[in-house]
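Reader: I have a new model open and would like to go through it with you. Could we start with the overall layout and then turn to the helices?

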Amino acid sequence: MERLRVEFTTEPFDLDEAPAHAVVAREVIQSAELDAVDVGPFGNTAEGGADAVLTAVDALLRKSLEAGATRVSLQVNVIGEGDK
């Protein structure tokens, strides 16, 4: 099974405190069955099996948009074992 890496951000940004859509997006990714998760103020990255990443991306998009995101930028890459 292929491994995938997703990198994402949600907008609009708020430098004073994390907006609800950003909190929801992070909760979705942190609770997903992924192997590696790195969340930060300006970008988030997660890795795992293809099915787990795609399921998490679906939930991420739906829940962050419902929570007020006006834009979700993401990139999904197929990774090999040497790309960790």
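**Layout and helices**

Author: Happily! Following the chain in this predicted model, the elements come in the order β-α-β-β-α-β. That makes 2 helices and 4 strands. The radius of gyration is 12 Å, close to the 12 Å that the globule rule gives for 84 residues, so the protein is as compact as a globular protein of that length.

Reader: Where is confidence lowest, and where is it highest?

Author: The protein averages a pLDDT of 91, and 94% of the residues score at least 70. Confidence is lowest in strand S2 (residues 36-39), with a mean of 90. The highest value, 97, belongs to H2.

Reader: What share of the contacts between residues at least 6 apart in sequence joins residues at least 24 apart?

Author: Some context before the number: buried residues make up 33% of the 84 residues. Of the contacts between residues at least 6 apart, the share that joins residues at least 24 apart is 69%.

Reader: Which elements do the buried residues of H1 pack against?

Author: Let's begin with the helix itself: its 12 residues should span 16 Å at 1.5 Å a residue, and its end C-alpha atoms are 16 Å apart, which agrees. His 21, Ala 22, Ala 25, Arg 26, Val 28 and Ile 29 are buried in H1. Seen down the axis, these buried residues fall within an arc of 160°, so they line one face of the helix. That buried set packs against S1, S2, S3 and H2.

Reader: And which exposed residues sit on the face of H1 turned away from its buried side?

Author: Exposed here means over 50% relative accessible area. On the face turned away from the buried side of H1, the residues that qualify are Gln 30 and Ser 31.

Reader: Why are the buried residues of H2 on the same side?

Author: The buried residues in H2 are Ala 50, Val 53, Ala 56, Val 57, Leu 60 and Ser 64. An α-helix has 3.6 residues a turn, so residues three or four places apart point the same way. The buried residues of H2 are on the same side because the arc they cover around the axis is only 130°.

Reader: What covers them, and which residues are exposed on the other side of H2?

Author: The cover over the buried residues of H2 includes strand S1 (3-11), helix H1 (20-31), strand S3 (44-49) and strand S4 (71-79). Exposed on the other side of H2 are Asp 51, Thr 55, Arg 62 and Glu 66.

Reader: Which residue with a positive phi follows H2?

Author: H2 itself runs over residues 50-66 and reaches 24 Å from its first C-alpha to its last. After H2 comes a residue whose phi is near 110°, and that is Gly 68.

Note on methods:
Residues numbered from 1 in each chain as written. Predicted model: local features only at pLDDT ≥ 70, side-chain atom pairs only at ≥ 80, totals over all residues. Heavy atoms only, no water. Expected span 1.5 Å × (residues − 1). Buried < 20%, exposed > 50% of the residue type's maximum accessible area, 1.4 Å probe, protein only. Arc of directions from axis to C-beta. Contact = heavy atoms within 4.5 Å. Rg over C-alpha atoms; globule rule 2.2 N^0.38 Å. pLDDT = per-residue confidence, 0-100.
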